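Subject: Structure handover

Dear colleague,

I am passing on the structure below, which you have not worked with before. Please look through it before reading my notes.

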Amino acid sequence: MPFERHEDGQGYLAVIDIGSNSVRLVVFSGRTRVPSPIFNEKLMCGLGAEVGKTGKMGAEAIEMAISTLKRFSALCDQMQVRETLIVATAAVRDAKNGAKFVQRVRDETGFEIAVIDGGEEGRLSALGVLSGEPDALGLVGDLGGGSLELARVKGGEVTKTLSLPLGPLRLISKFGNKHRAIREYLREQFAAIDWLAETRGQNLYMVGGSWRNIAKLMMREKSSPLPILHGYANQRSELVSYCRRLSHLEPSNIPFGGSLPYRRLQVLPVAAIILQELLVAIQAKKGVLSSYGLREGLIFDKLSIEDRREDPFLHICRVLAEERCRFAEHASVIYDWSSPLFKRPAQNSLKRQQLHMAICLLGDIAWRGHPDFRAEKAVESILHGNFVGIDHAERAYIAVALNQAYGAPVDAPHISHILTLLKINEILEARMMGAALRLAQRLSGGTVSALMVTQLRVTRSKLWLGVPSSYTDIVNEVVEKRLSQLGQLMGRTSAIEFPPELNDTSVG
């Protein structure tokens, strides 16, 4: 059954996900490497609530879903959406009246629904995780109301998939509130999966609304310094302990539970049991929350191989730099110019190189702001921006660097609260990168010529700035001061030298 409602793939792209618990519409900016969500709406219809008990979707749930889809159809028309991908998962594929529901939707809205099987759902969810975290290694678990999709990810590929009828709505329908019976059933199911052992000791990537809500509540209770869901990670022991506590609580007694929709709150104790048992089954290193899943996987699956290979974080940084920065085209020059500062292996890893390039790309992101608040604006853009491909510590690393680049103290209120996400050597290294960027911007005045003919050199006790004798006029007291600040962060004194060999340097 076709996904596309329109042949033209340009312009806005909508994804409608008809799940066991919710029916959701997300309108994206288009079919790109990292599509931006333009509009997002869901309604908790509960299509899967009765499937486990009666084998059918309930009449009231169907009416609510049809009404919701009619609204979504009208919204897509008004927003001039050019391509619509519509999928239905466990509730519709498992219900005896699923085919009748699909036909009714076609008749009343014109939508062509693709009812995908569990293996395809798992594959697409895992692709969504990989689209936001290409280096993901371990097990993707996508928990819906009616099913749990599992997929193994390694080397940027989805290698194994499996769908199990283990959604909270299905388990509640089967076992009621008998949590011990649910645990025993889950253990039997997980023990029977022969390839699950291949993910032992690796990460569990958590997808789905119930697990997102568990992460939200955990953040609230811990007063997380960076309340961003995507990339939020916890060690297995901490997450297992928290899930065990949630599973023993009545939904109405869950701390901060009042912030969640009632239907979500009802299934949370069972969702916590599923998460706990899965973490233990694979002895996961960490549980990592991914806000990317099935919907993003649908789009990622349609991209060219070349587009899929592009790093998602640097893609976003380049887009932002072109939109908001004055000198985005100079990022590569600044990166090369500052590279002599980071020659130790730990500082020159591929991830560090990506972070340093991102800092060079975004170094001018707050130039439109008031001079007294540019550092705060830059930090806020990084900490709360819609980024993927980086974790919380990496966000903090870039924020510290840009805070330094704008000359703000590291203990300022807008930055100090997230320093606990970093080790002291990481803070110093980020500040070094920020100080180098600050020096480069002052030395060059926003042009590349000064950076093309000057060079940094690091010895055991000194930081040298080499300047051709024909360029001596670009050095002033401010340049010397910023060079000295960079040297202090490196534990070195600074000096300016005028080596003769630099005089012959040509500027391309």
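The notes that follow take up one helix, the main pocket and the nonpolar cores.

This is a predicted model, in which local features need pLDDT of at least 70 and side-chain atom pairs count only at pLDDT 80 or more, while totals for chains, interfaces and linings use all residues. Residues are numbered from 1 along each chain as its sequence is written, and side-chain values use heavy atoms, with hydrogens and water left out.

Helix α10, residues 262-281, reaches 29 Å from its first C-alpha to its last, close to the 28 Å expected (helices are DSSP runs of H or I of at least four residues, strands runs of E of at least two, numbered from the N terminus; the expected span is 1.5 Å times one less than the number of residues). Of the 20 residues in α10, 15 are buried, that is, under 20% relative accessible area with a 1.4 Å probe, protein chains only.

The largest nonpolar core (a set of buried Ala, Val, Leu, Ile, Met, Phe, Trp, Tyr and Cys residues joined through side-chain atoms within 4.5 Å) has 70 residues, and Leu341 and Leu486 have the most contacts inside it. Its largest share, ten residues, comes from α19. Apart from this core lies another, of 45 residues, with Ala215 and Leu229 among them.

As for the largest pocket (an open set of points on a 1 Å grid over the protein atoms alone, where a 1.4 Å probe fits, with protein on both sides within 12 Å along at least five of seven lines; lining residues have an atom within 4 Å of a point), 33 residues line it, and Gly231, Ala233, Lys286, Val288 and Asp391 lie nearest its centre. Strand β10 (233-235) and helix α17 (392-405) are among the elements that each supply at least two residues of that lining.

Best regards

Conventions:
Buried < 20%, exposed > 50% of the residue type's maximum accessible area, 1.4 Å probe, protein only.
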